[in-house]
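Me: Hi! I've got a structure open here and would love a quick tour. Could you help me read it?

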Amino acid sequence: MKEVEHQHQVALIEWWSYACKGFGLPAFALMAYPAGGLRHKAVAGKMKAAGVRKGVPDLLLPVARGDFYIGLAIELKAYNRGTSDAQDTVIDWLKSQGWRVEVCNSAEGAIKVLKDYLAPSHRSKGTASTPGVSAQPQQ
């Protein structure tokens with residue numbers, strides 16, 4: 001994860017630590033996936049052996065929304081960077097399994113996605129069309 005993406009994710013998690021209560025959810029409901037970043041080869045090998053896989057989105061919210069979605073996954077990308085082939089594969093598979101997946105360019109964009117996803121009136125399988133959010137993974 002790039003430093004700017006890390007800063008956006010930290011800001012998002014800080015917001016979530018307070019906002020989750022308003023959605024009736026525990027803070028642990030929004031969880032980070034420990035992929036990406038540079039690691040010592042031995043640590044990377046242990047993580048791979050333990051099941052860490054390439055391409056999994058940065059944040060997972062395994063909270064169902066009616067008959068529409070079984071969870072929300074968010075991939076943070078700074079500077080409108082595109083997703084990797086591995087990310088595209090995982091994103092497509094998650095969508096086929098009933099997940100909503102969004103690629104966001106900022107903490108603000110990800111917060112808008114979370115608010116939309118958790119809104120009581122959420123009834124759409126459509127993708128977000130808010131600033132800082134990509135409806136499709138960017139190439």
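Me: Let's begin with contacts: of those between residues at least 6 apart in sequence, what share joins residues at least 24 apart?
Reply: Happy to help! That share is 68% in this chain. Keep in mind that this is a predicted model.

Me: Got it. How many helices and strands are there?
Reply: The chain has 4 helices and 5 strands. Going along the sequence, their pattern is α-β-α-β-β-α-β-α-β.

Me: And what percentage of the residues is buried?
Reply: The chain has 139 residues, and 42% of them count as buried.

Me: What about the accessible surface of the chain, how much is there?
Reply: About 7,900 Å², with carbon and sulfur atoms accounting for 59% of that.

Me: Switching to helix packing: how do the axes of α1 and α4 sit relative to each other?
Reply: Helix α1 covers residues 3–19 and helix α4 covers residues 107–118; their axes come within 9 Å and cross at roughly 40 degrees. An angle from 35 up to 65 degrees is neither roughly parallel nor roughly perpendicular, so α1 and α4 are oblique to each other.

Me: Is that crossing left-handed or right-handed?
Reply: The crossing of α1 and α4 is right-handed.

Me: Nice. Which residues make the contact?
Reply: From α1 you have His-8, Ala-11, Leu-12, Trp-15 and Trp-16. On the α4 side, the contact is made by Ala-107, Ala-110, Ile-111, Leu-114, Lys-115 and Leu-118.

Me: How do those divide into nonpolar, polar and charged?
Reply: The contact of α1 with α4 has 9 nonpolar residues, 1 polar and 1 charged. The charged one is Lys-115 of α4, and the polar one is His-8 of α1.

Key. Residues are numbered from 1 along each chain as its sequence is written. This is a predicted model: local features need pLDDT of at least 70, side-chain atom pairs count only at pLDDT 80 or more; totals for chains, interfaces and linings use all residues. Side-chain values use heavy atoms; hydrogens and water are left out. Helices (H or I, at least four residues) and strands (E, at least two) are DSSP runs, numbered from the N terminus. Buried means under 20% relative accessible area, exposed over 50%, partly exposed in between (1.4 Å probe, protein chains only). Contact means heavy atoms within 4.5 Å. Accessible areas come from the Shrake-Rupley method with a 1.4 Å probe; for residues, only the protein chains shown count as cover. Axes are lines fitted to C-alpha atoms, for helices over the stretch in contact, and angles run from 0 to 180 degrees between N-to-C directions. Angles under 35 degrees count as roughly parallel, over 145 as roughly antiparallel, 65 to 115 as roughly perpendicular and the rest as oblique. A crossing is left-handed if the near helix is turned anticlockwise from the far one by less than a right angle, and right-handed if clockwise.
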